[in-house]
Amino acid sequence: MEIKRKADVSYEEFMEEHYKPGIPLVFTNASKVWKANGLFTPDWFRENYGDRTTEKGGRTYTMREIMDMVEKSSESNPAPYPFLFDIPSKLPEILPLIEPLHLNYARPNWLERKWFKRGHWGSATEVFIGGPGGKFPYLHLDYYHLNAWINQLYGEKRFTVFPRGQEEFLYPRPDDPWRSEVNIFEPDFEKYPKYKNATPIHFTVGAGETLFIPFGTWHSAYSLTPTISVAFDQLNSKNYKDFLKDVWDFEKREGTVKAIAKYSYAWLGGQTCKLADTFSR
Ligand SMILES: O=C(O)CCC(=O)C(=O)O
Ligand SMILES: [Fe+2]
């Protein structure tokens, strides 16, 4: 399998060839509808939001410090990765620059509706910042079976994805089956012999490009240059059943009463959103 790259793809083609069958895609120019496209640079963030802070590894960093670190980062001495800013709470001013969030492709998205727009449910709209040599710490599936949309706005990131159905080669952790035990950047084939059968697909996503990662796709990332991306998640009738099951499984750990309450809320939200989809069609 190779990851296709498409410019100006129609919504219908995206839905038929990628969304419905769950096949990743790199859109080469979907984020042209965002003002953020071409605007986001390390200097722009330093100048406008240099004092904003975020935490990483138990320490607080300013935007200015982060941009300095990622610009100095190197393969042999990489800056921590990723630095994350939750946009609604930490950088709300940039929300108008990433509209429409769905890019005219990521719709319907129930996470943009009142019911689910709550910050929990594993969903987030975040800025990711990294530097050369910065690796996402593990190969994983996103929680709650959400689709991920990763918008590369500055610099280049190398992604690795696996075709669906390779779980048995990827050694999901028994205590956290969303995470693989294999360090894909330096695999230990003695310890994980079946990983030899896995077929990782590597590709680079550059500034202005958007990667669609359908739910159930194992993935990881590696920053090749200083990078700035905006990631958001998507939920609708396609992944809703799996999402609900995850809500139940995750919340059950917190106790049955809480699980029932959350599940009921999510179920009702789903019915409401489904109905709204029907009427908007
Ligand atoms: O580093 C990246 O861009 C990948 C991020 C990712 O997969 C995640 O946050 O779930
Ligand atoms: Fe992810």
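Which residue in β4 is the bridge partner of T54? In this predicted model, that partner is Y61, and the pair belongs to an antiparallel arrangement in which strand β3 (residues 53-56) and strand β4 (residues 59-62) are joined by four bridges. The two strands form a hairpin with two residues between them, and within the turn G57 adopts a positive phi of about 55 degrees.

Helix α3, which spans residues 63-72, has M63, I66, M67, M69 and V70 as its buried residues. These residues lie on the same side of α3, because the arc that they cover around the axis is only 165 degrees. Such an arrangement can be read against the general geometry of the α-helix, in which there are 3.6 residues a turn, so that residues three or four places apart point the same way. The elements that cover the buried residues of α3 include α2 (42-49) and β4, together with β5 (83-86) and β6 (126-130).

Strands β5 and β6 are also members of an open sheet of seven strands, whose order is β1-β2-β12-β7-β14-β6-β5 and whose pairing is mixed. The edges of this sheet are occupied by β1 (4-6) and β5, each of which has a single partner strand, so that one side of each is left without a neighbour in the sheet. From one strand to the next, the twist averages 25 degrees. Within the same sheet, strand β2 (residues 25-27) runs antiparallel to strand β12 (residues 210-213), to which it is joined by three bridges; here V26 has L211 as its bridge partner in β12.

A further open sheet consists of three strands in the order β11-β8-β13, with antiparallel pairing. In this sheet β11 (201-205) and β13 (219-223) stand at the edges, and since each has a single partner strand, one side of each is left without a neighbour in the sheet. The twist in this case averages 25 degrees from one strand to the next. Strand β8 (residues 157-161) pairs with β13 in the antiparallel sense over five bridges, and V161 stands opposite H219 in β13.

H219 is also among the residues that surround ligand 1, the others being P82, F128, F136, D142, I150, K157, A221 and S229. When the residues of this shell are grouped by class, five are nonpolar, two are polar and two are charged. The surroundings of ligand 1 thus include K157, a residue within the range of strand β8 (residues 157-161), as well as H219 and A221, which fall within the range of β13 (219-223).

Notes. Residues are numbered from 1 along each chain as its sequence is written. Chains are lettered from A and ligands numbered from 1 in the order in which they are written. This is a predicted model: local features need pLDDT of at least 70, side-chain atom pairs count only at pLDDT 80 or more; totals for chains, interfaces and linings use all residues. A residue is near a molecule or strand if its C-beta atom, placed from the backbone, lies within 6 Å of it. Ala, Val, Leu, Ile, Met, Phe, Trp, Tyr, Cys and Pro count as nonpolar, Asp, Glu, Lys and Arg as charged, and the others, Gly among them, as polar. Two strands pair if DSSP finds at least two bridges between them. Axes are lines fitted to C-alpha atoms, for helices over the stretch in contact, and angles run from 0 to 180 degrees between N-to-C directions. A residue is buried if 20 or more other C-beta atoms lie within 10 Å of its own, exposed if 12 or fewer, and partly exposed in between; C-beta atoms are placed from the backbone. The arc is that of the directions from the helix axis to the C-beta atoms. Two residues are in contact if their C-beta atoms, placed from the backbone, lie within 7 Å.
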